[in-house]
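Here is a small set of exercises to work through with the model open beside you. Try each task before reading its solution.

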Amino acid sequence: MNTQVNTGITAKSSGEISTVTVEFPQADLDDLRTRLERTRFAPSVPGDSWDYGTPTAYLADMVERWKSFDWRAVEARINAVPNHLTEIDGQVIHFVHVPSSNPDAKALLLAHTYPGSFLEFLPMVEFLTDEFHLVIPELPGFGLSTPVVDTGWTMKRAAEAYDVLMRRLGYDSYGVHGSDGGAMVGRELALLNPEGFLGAHVLQLFSFPSGDPSEFEGFGPKEYAALEHMQWFQSVGGYNAMNGSRPQTIGAALADSPVGTLAYSELFESFGNGTSLVTPEQVIEQATYYWLTNSYASVARYHYEEGHAEREPEVSQGRIGVAVFKDDFQTIRSLAERDNANIQHWSEFSEGGHYAAMERPEDVAADLRAFFA
């Protein structure tokens with residue numbers, strides 16, 4: 001018998017795993033439209049540029065697009081792949097599982113970004129299922145992996161839960177790919193290096209200078225440009241401080257304002273620096289999903305949990321591959337190799353950014369095939 005287990009989900013249980021259909025109530029969509037119609041925009045700064053944050057003109061244009069956005073078409077794409085729920089470490093986790101028809105296929109876990117969700121990987125499915133059994137989970141607190149029933153969900157704990165998930169699905173050997181938060185989960189799995197682990201393919205390794213002057217020996221224009229990009233990213237990433245110190249405060253604002261949710265997701269636009277290849281429709285798709293699941297407060301708590309976790313630095317011994325996209329965080333190889341002893345693959349791309357799975361899915365898929373070959 002089907003039972004309603006969460007807003008937007010109808011589930012049919014079979015043992016530890018439920019199969020789910022995603023369909024949010026029409027009343028929720030009507031409420032969203034009403035709120036968009038009644039948007040009160042903040043006064044714009046003179047010039048209305050991205051220098052001060054998300055511009056009012058940008059938001060006004062996106063709100064008009066949002067009013068006619070077809071969320072039901074997104075739901076159709078979601079339900080075109082198998083969606084499931086399971087409970088691990090006391091927490092309900094939503095995931096997509098697309099087995100390959102290839103008997104020699106390897107298992108691959110796709111770990112999503114912040115801000116982001118499993119939705120970012122749906123365009124990649126068609127490019128990967130010939131070679132991989134795909135598992136696409138959502139971090140606890142994101143999307144349909146809610147509500148969060150406990151504090152302390154760090155990327156390390158999420159990685160441990162993902163390993164349980166892969167074993168539960170019958171995979172005794174698997175790899176992982178991720179960007180942003182997903183890259184952090186990937187590195188945590190490389191640190192864990194469980195039996196049968198095939199490696200972590202990531203778009204970033206967040207290795208920073210330690211203060212030792214010798215680390216700069218051998219640096220050239222490329223490395224110094226990467227350092228400048230890190231400094232720029234830090235200068236515009238105010239959400240890191242807010243999420244890391246007062247996640248419930250910003251969560252309260254975003255739970256009551258869809259346009260606030262949209263504005264706070266400015267990373268999709270590379271903070272407005274003009275390099276993002278993410279389309280307006282992709283941004284609105286993610287903002288709608290965050291709004292309908294009312295998940296931003298629990299999403300923001302990851303920064304708090306990571307910042308308050310007491311851990312000593314560790315060097316990863318697990319197999320790692322890195323793909324660096326031109327307009328993304330520029331991982332500095334010598335610093336990455338300081339923190340990760342088993343980097344076996346390194347590639348660089350002349351186009352694409354932080355959300356390469358959405359921007360350049362074929363390039364990401366090709367690099368995954370190369371790394372896991």
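**Exercise 1. Are Phe325 and Phe349 buried or exposed, and how do their rings meet?**

Solution. Start with accessibility: Phe325 and Phe349 are both buried (buried is under 20% relative accessible area, exposed over 50%, partly exposed in between, with a 1.4 Å probe and protein chains only). Before going on, note that this is a predicted model, in which local features need pLDDT of at least 70 and side-chain atom pairs pLDDT 80 or more, while totals for chains, interfaces and linings use all residues. Residues are numbered from 1 along each chain as its sequence is written, and side-chain values use heavy atoms, without hydrogens and water.

Next, look at the rings. Phe325 and Phe349 make a stacked aromatic pair, with 4.5 Å centre to centre and 10° between the planes. Rings of Phe, Tyr and Trp (its six-membered ring) pair if their centres lie within 6.5 Å; planes under 30 degrees apart are stacked, over 60 edge-to-face and the rest tilted.

Finally, place the two residues. Phe325 belongs to strand β10 (residues 320–325) and Phe349 to strand β11, so their pair ties together parts 24 residues apart in sequence. Helices (H or I, at least four residues) and strands (E, at least two) are DSSP runs, numbered from the N terminus.

**Exercise 2. How many aromatic pairs does the structure hold, and which parts does the pair of Phe268 and Tyr355 tie together?**

Solution. The count is 21 aromatic pairs. One of them joins Phe268 and Tyr355, and it is tilted: 4.6 Å centre to centre, with 35° between the planes. Phe268 sits in the loop between α10 (258–264) and α11 (280–293), and Tyr355 in the loop between β11 (343–349) and α14 (356–359), so the pair links parts 87 residues apart in sequence. Both Phe268 and Tyr355 are buried.

To finish, find the aromatic cluster formed by Tyr114, Trp232, Phe233, Tyr239, Tyr264, Phe271, Tyr290 and Tyr296.

**Exercise 3. At what angle do the axes of α8 and α12 cross, and which residues make the contact?**

Solution. First the geometry: the axes of helix α8 (residues 238–245) and helix α12 (residues 296–308) come within 6 Å and cross at roughly 75°. Axes are lines fitted to C-alpha atoms, for helices over the stretch in contact, and angles run from 0 to 180 degrees between N-to-C directions. The two helices, α8 and α12, are therefore roughly perpendicular (65 to 115 degrees; under 35 is roughly parallel, over 145 roughly antiparallel and the rest oblique).

Then the residues: α8 contributes Tyr239, Asn240, Asn243, Gly244 and Ser245, while α12 contributes Ala300, His303, Tyr304 and His308. Contact means heavy atoms within 4.5 Å.

**Exercise 4. Where is Glu188, and which residues does it touch?**

Solution. Glu188 is part of helix α6 (residues 181–192). Its relative accessibility is 11%, so Glu188 counts as buried. Leaving out residues up to four places away in sequence, Glu188 touches Met155, Lys156, Ala159 and Arg311.

**Exercise 5. Where do Pro115 and Pro147 lie, and what are the omega values of the cis bonds before them?**

Solution. Take the bond from Tyr114 to Pro115: this peptide bond is cis, with omega near -20°. Pro115 lies in the loop between β6 (106–111) and α4 (125–128). Now take Thr146 and Pro147, which are joined by a cis peptide bond with omega about -5°. Pro147 is in the loop between β7 (132–137) and α5 (155–168).
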